[in-house]
Amino acid sequence: MRRYTVTNKRLFRLRRALLAALLEYSSYQDLDTVMLHPVVIGENASPEELRVEWRNLTEWGMIEPLAGYQGAVCRLTAATRRTMEETGNAPRDSRLYGFEVQ
């Protein structure tokens, strides 16, 4: 059985926090604005950590970038937004919760 370290659990929470923050915006938002959302601040992450996870969420198709901003301005994809609005939670994805959710 896999065990998660505190670091892994923290990354899962951080990724979900970024998605939760974006859910409150109907349009694109820049990472600097999202960094100031209370749920993201609560994770006490460095700007570098947030940038890495922002890129990961983009690569995984959970957030989509606005053309011309080198990935710094994004919004939830339609599928991610729909799931979060319907369930109140981030999509059931092992990259957000760990392998148990599959």
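Read along the sequence, the protein chain runs α-β-α-α-α-β-β-α-α. That comes to six helices and three strands. Helices (H or I, at least four residues) and strands (E, at least two) are DSSP runs, numbered from the N terminus. The model is predicted: local features need pLDDT of at least 70, side-chain atom pairs count only at pLDDT 80 or more, and totals for chains, interfaces and linings use all residues. Residues are numbered from 1 along each chain as its sequence is written, and side-chain values use heavy atoms, with hydrogens and water left out.

**Overall dimensions**

The radius of gyration is 13 Å, close to the 13 Å that the globule rule gives for 102 residues, so the protein chain is as compact as a globular protein of that length. The radius is taken over C-alpha atoms, and the rule is 2.2 Å times the number of residues to the power 0.38. Further values for the chain are tabulated here.

| Property of the protein chain | Value |
|---|---|
| Box filled by the C-alpha atoms, along the principal axes | roughly 45 × 30 × 25 Å |
| Buried residues | 36% of the 102 residues |
| Exposed area | about 6200 Å² |
| Share of exposed area from carbon and sulfur atoms | 51% |

Buried means under 20% relative accessible area, exposed over 50%, and partly exposed in between (1.4 Å probe, protein chains only). Areas come from the Shrake-Rupley method with a 1.4 Å probe; for residues, only the protein chains shown count as cover.

Contact means heavy atoms within 4.5 Å. Among contacts between residues at least 6 apart in sequence, 53% join residues at least 24 apart.

**The core**

The largest nonpolar core holds 21 residues. Such a core is a set of buried Ala, Val, Leu, Ile, Met, Phe, Trp, Tyr and Cys residues joined through side-chain atoms within 4.5 Å. Leu 18, Leu 19, Trp 54 and Ile 63 have the most contacts inside this core. Helices H1 (6-23), H2 (31-34) and H4 (47-59) and strand S3 (73-76) each give two or more residues. H1 supplies the largest share, six residues.

Leaving aside neighbours within four places in sequence, Trp 54 touches Leu 18, Leu 22, Gln 29, Leu 31, Val 34, Ile 63, Gly 71, Ala 72, Val 73 and Cys 74.

**Val 39**

Val 39 sits in helix H3 (residues 38-41). Its relative accessibility is 34%, so Val 39 counts as partly exposed. With neighbours within four places in sequence set aside, Val 39 is in contact with Ala 17, Ala 20 and Ala 21. Val 39 and Pro 65 are 26 residues apart in sequence and 21 Å apart in space, C-alpha to C-alpha.
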